[in-house]
Amino acid sequence: GMSVAVVEGEQVVFCEGFGKLSSAPSAAAVTNHTQFMIASVTKSFTTLLISRLIKEGRIAKGWNTTAERLLGPGVPQVAGAEWAWLSLRELVSAGTGFPRKDGMFMGVPWADLQDDKKCEEALWRALSSLRRVRQAGESF
């Protein structure tokens, strides 16, 4: 199934759900309130927004800006100091050298993902187990 919303200006002019959540006979119908995982679409949004910030001069070193410079010294150290030197270019191109961790938030209660502090704690907990498996930029 799917949900469709049409927004004109700041007004929602159409919003409706179609189909079911799965092909199982007992699957719930999709409504205009059904939540779906956005998946990899966020990568495009994030990269577009970073591009705009660079173009506006708000990220002075552009794509070579390191994670440490962006996140600051108060960020928990995960995977040793391996994150500090990663550039925006490596982060958005999946060229960090870290293994994929699709679904690292699977099993985290939905309520925790809605709470900024709990979500951040879950993120750092998940990232703390990562170890680099190749050099940054070596493969994608």
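Trainee: How far apart are the end C-alpha atoms of helix α1, and what should its 15 residues span?

Mentor: The expected span is 1.5 Å times one less than the number of residues. For α1 (residues 41-55) that gives 21 Å, and the end C-alpha atoms are 22 Å apart, which agrees. Just after α1, Gly57 takes a positive phi of about 80°.

Mentor: A word on the source: this is a predicted model, where local features need pLDDT of at least 70, side-chain atom pairs count only at pLDDT 80 or more, and totals for chains, interfaces and linings use all residues. Residues are numbered from 1 along each chain as its sequence is written, and side-chain values use heavy atoms, leaving out hydrogens and water.

Trainee: In what order do the elements of the protein chain run?

Mentor: Helices (H or I, at least four residues) and strands (E, at least two) are DSSP runs, numbered from the N terminus. Here you get β-β-α-α-α-α-α, so 5 helices and 2 strands.

Trainee: Which residues make the nonpolar surface patch?

Mentor: Patches take residues with over 30% relative accessible area and no salt bridge (a Lys or Arg side-chain nitrogen within 4 Å of an Asp or Glu carboxyl oxygen). Like charges are joined within 9 Å, nonpolar side chains (Val, Leu, Ile, Met, Phe, Trp, Tyr) within 5 Å. Areas come from the Shrake-Rupley method with a 1.4 Å probe; for residues, only the protein chains shown count as cover. Here Met2, Val6, Val13, Phe14 and Phe18 make a patch of about 420 Å². β2 (11-18) gives the most, with 3 residues.
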